[in-house]
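Hi,

Here is the structure I promised to pass on. Have a look at it first, and my notes follow underneath.

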Amino acid sequence: MTDYKEKNWKIEEDADGIVWLHLDKADSKTNVLSADVLAEFETLLDAFSNQPPRGLIILSDKDSGFIAGADVKEFTAFSTEQEAREAIERGHRIMNRLESLSCPTVAMLTGFTLGGGLELALACKYRVADNDPATRIGLPEVKLGIHPGFGGTVRCLERTGVLNGMDLMLSGRSISARAAQKMRLIDYAVPRRHLREAARACVQNPPKQKSLPVWNNLLNYKKVRPLLAKVFIKKVAARANRAHYPAPYALIDLWVQHYGDRDTMLHAEAASVAHLITGKTAQNLVRVFMLQEQLKGLGRLPDYVPRHVHVIGAGVMGGDIAAWCALQGFTVTIQDTQPEALGRVIQRAYSLYKKRLKQKRPITATLDRLMPDLDGDGLVKADVVIEAIFEDAEVKRQLFRDIEPRLKPETLIATNTSSIPLEDLANALNNPERLVGLHFFNPVAMMPLIEIVHGKQTSETTQNRASAFARKINRLPLPVTSSPGFLVNRVLMPYLMEAVVLAEEGVPLSVIDKAATDFGMPMGPIELADTVGLDICLKVAEILSRYMDIEVPGILQDKVSRKNLGKKSGAGFYTFAKGKAVKPEPDKQYTPATDLQDRLIMRMLNEVVACQRDQVVENGDLADAGIIFGTGFAPFRGGPVHYIKERGPEQLEKLLNNLMHNHGDRFKPDAGWSTLIKQTP
Amino acid sequence: MAETRAKKKTTRRTSASRRPVYIVDGSRTPQLKARNKPGPFSSADLAVGCGRPLLARQPFEPSDLDEVIIGCVMPGPDEANIARVIALRLGCGNKVPAWTVQRNCASGMQSLDSAAKDISMGRADLVLAGGVEAMSHAPVLLNEDMVTWLGAWMSARTWPQRLKTLGQLRPGHLKPIIALLRGLTDPVVGLSMGQTAENLAWHFGISRTDMDAYAMRSHQRLAAAQDKGYLSEIEPLFDTRGNVYQQDDGVRRDSSMEQLAKLRPVFDKPFGNVTAGNSAQITDGAALLLLASEAAIKKYDLKVMGQIKDSEWAGLDPAYMGLGPVHAITPLLQRHKLKLNDVDYWEINEAFAAQVLACLKAWEDRDYCRDELGLKSPLGKLDQSRLNVDGGGVSIGHPVGTSGARITLHLLHVLERNNAKTGIASLCIGGGQGGALLIERTTG
């Protein structure tokens, strides 16, 4: 057995002459294909092609998995398209060289096998994977505004066929080892205990390459491709606007134009990715990815290991928070005096678990961790207590007074209040420094962000623990000050209210919503208000109107008093059929005012500037992260603060002044704009 | 012969090395009547449903238990050694051993006695024990002809073989075996449990009216207990459809003699007297208790409900299994020099109204006491105002594996409520046995 070690790669040759090539990227918990990893790999491949071993098995020494993809940080470093293209073509060269090795080559997949990692695996002759649920295989490039760029488009379509391959690349979703085996993306999905044997077997008794069904060739036929492309495009268009997200369309184009001519397609792929990666969308999406990593970093606290969460209040929020925490592995008690409310919690939890877990055993285990608690027995052992009762400061204070003596001294006390300043609640506690806000968003299972609200009295330890807890339930923590509306609701509310004003003015609802979705919002404000619930919008707006200059439009109060609450009551602004808004087509004669979109977006941006002036969050990046993950704000624009910088604050302030002139004082530019203008070079 | 045996038993067990066994806490599910289809909860679901809150309110962690012992007669096909399934699902962790006991209708009491034995011997300090049964989930089985045919079908490799095998399938192959009915039939004497109750009624001259009156009273007592909030040991169950189950749902508040009289005999048609109305209901339910040694009480500062002072198991003619309590309780009383009136409260499981009444009659019956119990004179009259004061199997139900634990737990609550001290819980056991526990409430 001979061993040899590079900085990132380790070579181990076994008695049969098989080379086990371990990737263990230096100074990193995760393997990524950074420039230096690739450079070493290329040198190694040179040696292997000169003197081929009996077989080459590539594996990872990281717990996190095989290879999580390219090094995203490098994406932002390209100054020109040409520079990007050179880097990508080098990747192509390396993959081609791996593919052309004369010995059997096997990729041994564990954990995350994503993007460039899967592309590398696809350049091997065989792939074996651990069939543990932790194994996730996919090509998520499209989420970063690009498509596979190391020959992955060609090899993925060759392996799994056009339908599976396109679905995988266009959606960017990751799949299990078993699913990957089913679609022929990998050769064997086996338990960890047989993984090495399976890899060895691929070298010693190479299995027959599995061929695709004949109909796949028909779909790839030159005359058929444009027809099928229309189907793909229609599906993509339902999710992503071509003007905002060019990557999936470029990928479809690539296939339509070049499939069947391997070399040309590989070259075209490199050119296409080089173009995309230096474009605005990809750069902004990479920014969003980095922001996400930044938020994750806020929750790093390895020694903090909470296990038991106690939620008080079995309303929709409390119940969904409890159900989510149990799904993330916590022991959860959910306290309420109403057995019926607890019954609904379990019902909702079950439907969530059925959707996410599918199989009976994990569903049962998760439900077993979620205990309805009429008597508050869970308080005593809880590590985190989350209060989610109705918004009444005195009732909350009384609750805190009642429970504090029963808690362990180190237990984190959290409130899910969306409107009451923390300081107003903290004075009920003997240890006010352990009170923190954990502001979840509805629906809990869908919204990735939690605002970590700190009052003046909140200790740093408490804040850090709250952020760490957010990470442990797979959510992104955003530290915000305890000011009214915090960040997300505060910037969202003026935008929603402006939409309601527009509706009051008689602008067709679908026109309002389209103006927002054209900007890149995932959902229009009217539909969003209906989805959230008009009663909740009204309540938040009323509370915020005490602190900020928001007028609550009369139409909103009308609708609520007539019990038109939105989606949950079947009708709000829209009527709902089978949970979907029925949007009437606007009159063809109708031409919307040219400042419609500006009215919506500028009110939001104006509030973002006000939040920055108030220092609700520490900096502009965090504001962008919060607003993107909390509201879905057009990710390809890189966040509102980033967008303001790009458009130029001076120009936007002018725009606000115009709007104020035409539509009233609510558009008055916040004092913060002048600071921004001064800062802009 | 009978006399010497009885005497021998009263002088048994005087060893002073026994450690006392305490009952610390307990909970049970509401009992849900079987309604001709599998109920919303499996056996393990039921036990988890009442075990979770029980453990949640303890000052120790579930992993601090020394063992889990569960009585269950018919666990589901996915519940082999159901005690272990329950222990793991309750979060006791990999290291807490668990075992399942089966003594038919007294399985839940056997689990307590087994736990008590381990604690008293010093083998354990903290034990979760109890019983569970989801009778509505009792399996329906294939008959042996069908199993044989399936074997042939599996081994048929060629199409002609398969066709031939298919031709051998007969309608009779499809006749199912209802495991619940088989389970409630004595395999040795061939009588259903109801028929053994008919035997008792015949032997002691218990009329249909006596049985129906007893049954009606059982329902009235349960209804009163529900109204007064006497069943605080119940933990509500939550199903996945948003329903909450908070009370025993077999209670018939409108039960009347006229209605009961209309019911037809179930077991001895057409002349019998035992009906669905004066028999225990078929229900799903679980009951769990926490048993502890003195050391565990001190270690975790546990509040004590009472003590298991002694237990007794007895055997008798399977055709008269309903008299099991008489045979178990009598030596227990003798051993502790107690008379019937010295016991403050009684829980004798109501398998059948006729069966409880027969037990009372047997103690008053000179011949029976002499011939079967070896007593010189009858034991006497048991005061029915101290027996099953909050209803019993007829109104609450009798999930076979559960009842022994349920009546013991409830007896402690009754003693507490009445500031009384001594109680006896007992059951008759299919196959011809009886079991009884002597309980003493810890005061102060």
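Let me start with chain A as a whole: 52% of its 681 residues are buried. Keep in mind throughout that this is a predicted model. The C-alpha atoms of chain A fit a box of roughly 75 × 65 × 50 Å along the principal axes. The radius of gyration of chain A is 27 Å, which agrees with the value near 26 Å that a compact globule of 681 residues would have. Contacts tell you something about the fold too: of those in chain A with a separation of 6 or more, 71% are between residues 24 or more positions apart. As for secondary structure, chain A has 28 helices and 20 strands.

One helix I went through in some detail is α1 of chain A, residues 35-50. Its 16 residues reach 23 Å from the first C-alpha to the last, close to the 22 Å expected at 1.5 Å a residue. Which residues of α1(A) are buried? They are V37(A), L38(A), F41(A), L45(A) and F48(A). These buried residues sit on the same side of α1(A), because they cover an arc of only 85° around the axis. The spacing fits the usual helix geometry: an α-helix has 3.6 residues a turn, so residues three or four places apart point the same way. And what do the buried residues of α1(A) pack against? Their partners are β2 (9-13), β4 (55-60) and α3 (81-99) of chain A. On the face turned away from the buried side, α1(A) carries the exposed residues T43(A), D46(A) and N50(A).

Now for the contact between the chains. 15 residues of chain A are in contact with 15 residues of chain B. On the chain A side, β12 (331-335), α14 (339-357) and β13 (370-373) each supply at least two residues. Of the elements involved, α14(A) gives the most, with 8 residues. By type, the chain A side that touches chain B divides into 6 nonpolar, 5 polar and 4 charged residues.

A few backbone oddities are worth a look in your viewer. There is a cis peptide bond from N442(A) to P443(A), with omega near -5°. P443(A) lies in the loop between β16 (435-439) and β17 (449-454) of chain A. Chain B has a cis bond to show as well: K269(B) and P270(B) are joined by one, with omega about 0°. You will find P270(B) in the loop between α10 (257-262) and β10 (283-292) of chain B.

Then there are the positive phi angles. K578(A) is not a glycine, yet has a positive phi of about 55°. K578(A) is located in the loop between β19 (575-577) and β20 (580-582) of chain A. Is K578(A) buried or exposed? With 5 other C-beta atoms within 10 Å, K578(A) is exposed. Q615(A) also has a positive phi of about 55° without being a glycine. Its place is in the loop between α24 (596-614) and α25 (620-631) of chain A. Q615(A) has 11 C-beta neighbours inside 10 Å, so this residue counts as exposed, the cut-off being 12 or fewer.

That's what I have for now, and it's all yours.

Cheers

How values were computed:
Residues numbered from 1 in each chain as written. Chains lettered and ligands numbered in written order. Predicted model: local features only at pLDDT ≥ 70, side-chain atom pairs only at ≥ 80, totals over all residues. Contact = placed C-beta atoms within 7 Å. Helix = DSSP H or I, 4+ residues; strand = E, 2+ residues; numbered from the N terminus. Nonpolar A, V, L, I, M, F, W, Y, C, P; charged D, E, K, R; others polar. Buried ≥ 20, exposed ≤ 12 C-beta atoms within 10 Å, placed from the backbone. Rg over C-alpha atoms; globule rule 2.2 N^0.38 Å. Expected span 1.5 Å × (residues − 1). Arc of directions from axis to C-beta.
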